[in-house]
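Subject: Structure for you to look at

Hi,

Here's the structure I promised to pass on. Have a look around first, then read my notes below with the viewer open.

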Amino acid sequence: MCLDIDDTLIDFTSAGERALSLLIGRADLWPLWERITDWHVARVVAGEIDYASMHHRRTQCFLAEIGVVLEAEDVARFERRRKEVLRSSWRLFDDVLPCLEWLRAADVLIAAVTNASGAHQRAKLADLGLTRFFDHVAIAGEVGAAKPDPVMFHAVCAVLDCDPSEAAHVGDKLHTDAVGARDAGLEGVWLDRAGGDAEVPEGVHVIGGLDELPQLLVSEFARIGVPAQR
């Protein structure tokens, strides 16, 4: 079983919006921050820059976009403060621990699959007591490919020693997570916590919360195929 981290296990968007709003005094710039972050993460995955450089350049670019031009030292100070506030704001969704405990009790191999920074993602998992649940943590910048690239999903399956057809991936992004996993030969599960009305592509499963995942695995066992047993 592969699970996305941000906004699947951890309420990252709420924490990120809160930190950014606190530091800049505006609550409407999160979409801009996400777009700039996605562009810079793509450069990390391509091997052009490392995560530390990406964080600094992303923040510098974001501030410049809103008309704030700072010296490198001040950008670094802003980023350090943002990370401090963010780290103190991380929260698990209520359905996360029961789901992970069920998967562990069922003896299912579990991987966290993320496009974000390895150091920060591992820190989140550790801070929130989730590290013990995962057999593997796959980081895009370390794999050299990012979701929805099939390479990312296949690399995880190789580590877990299972065929893609024996694995499922759950994430909050319809195309990056669910469709990407489906196209890579896994079962793609879209975690739609907001209950949106987006058109769901064929072959993609939809759940409204992780509390629905165990039943999906049991009822759709023949098609999903619970990953390799220990």
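A bit of vocabulary before anything else: two strands count as paired if DSSP finds at least two bridges between them. Keep in mind too that this is a predicted model.

**The sheet**

With that in hand, go to strand β5, residues 187-191, and its neighbour β6: they run parallel and are joined by four bridges. If you want one of those pairings to click on, V189 has H205 in β6 as its bridge partner.

Now zoom out. In what order do the strands of the sheet come? Reading across, you get β3-β2-β1-β4-β5-β6, six strands in an open sheet with parallel pairing. The edges are β3 (136-139) and β6 (204-207); each has a single partner strand, so one side of each is left without a neighbour in the sheet.

Further across the sheet, strand β1 (residues 2-3) runs parallel to β2 and is joined to it by two bridges. There, L3 has A112 of β2 as its bridge partner. On to the next pair: β2 and β3 are parallel as well, with four bridges between them, and A111 sits opposite H136 in β3.

β2 is a good place to see how side chains alternate along a strand. A111 and V113 point one way, A112 and T114 point the other way, and all of them are buried.

Just before that strand, in the loop between α5 (96-105) and β2, you'll find L109. Its relative accessibility is 13%, and buried means under 20%, so L109 counts as buried. L109 also shows how the fold brings distant parts of the chain together: A167 is 58 residues away in sequence, yet the two C-alpha atoms are 9.5 Å apart.

For contrast, try the loop between β5 and β6, where E199 lies. Is E199 buried or exposed? It counts as exposed, at 74% relative accessibility. E199 and L217 are 18 residues apart along the chain, and their C-alpha atoms are separated by 22 Å.

**Helices**

Helix α6 (residues 118-127) packs on the sheet, where it touches β2 (111-114) and β3, and its direction makes about 150° with that of β3. One residue to pick out in α6 is Q121. Q121 is buried, with a relative accessible area of 1%. Leaving out residues up to four places away in sequence, Q121 touches I5, D6, T114, A116 and I139.

Then there's a helix pair worth rotating into view. The axes of α2 (residues 30-45) and α3 (residues 51-65) come within 9 Å and cross at roughly 145°, and the crossing is right-handed. Which residues meet there? On the α2 side they include L32, W33, I36 and V44, and on the α3 side Y51, M54 and F62 are among them. Sorted by class, this contact has nine nonpolar, three polar and four charged residues.

**Cysteines**

How many disulfides does the structure hold? Zero. In case the term is new, a disulfide is a covalent bond between the sulfur atoms of two cysteines. C157 is in no disulfide, and the nearest cysteine sulfur, that of C162, is 4.2 Å away. Why isn't that pair counted as a disulfide? The cut-off is a pair of cysteine sulfur atoms within 2.5 Å, so a separation of 4.2 Å does not qualify. Both cysteines are buried: C157 has 1% relative accessibility, and C162 has a relative accessible area of 9%.

**Backbone oddities**

Three spots to check along the backbone:

- K147 and P148 are joined by a cis peptide bond, with omega about 10°. P148 is in the loop between α7 (140-143) and α8 (150-160).
- D7 has a positive phi, near 65°, though it is a residue other than glycine. You'll find D7 in the loop between β1 and α1 (12-24), and at 12% relative accessibility it counts as buried.
- D161 isn't a glycine either, and its phi is positive at about 60°. D161 is in the loop between α8 and β4 (168-171); with 67% relative accessibility, D161 counts as exposed.

Happy clicking, and shout if anything's unclear!

Conventions
Residues are numbered from 1 along each chain as its sequence is written. This is a predicted model: local features need pLDDT of at least 70, side-chain atom pairs count only at pLDDT 80 or more; totals for chains, interfaces and linings use all residues. Side-chain values use heavy atoms; hydrogens and water are left out. Axes are lines fitted to C-alpha atoms, for helices over the stretch in contact, and angles run from 0 to 180 degrees between N-to-C directions. A crossing is left-handed if the near helix is turned anticlockwise from the far one by less than a right angle, and right-handed if clockwise. Contact means heavy atoms within 4.5 Å. Ala, Val, Leu, Ile, Met, Phe, Trp, Tyr, Cys and Pro count as nonpolar, Asp, Glu, Lys and Arg as charged, and the others, Gly among them, as polar. Buried means under 20% relative accessible area, exposed over 50%, partly exposed in between (1.4 Å probe, protein chains only).
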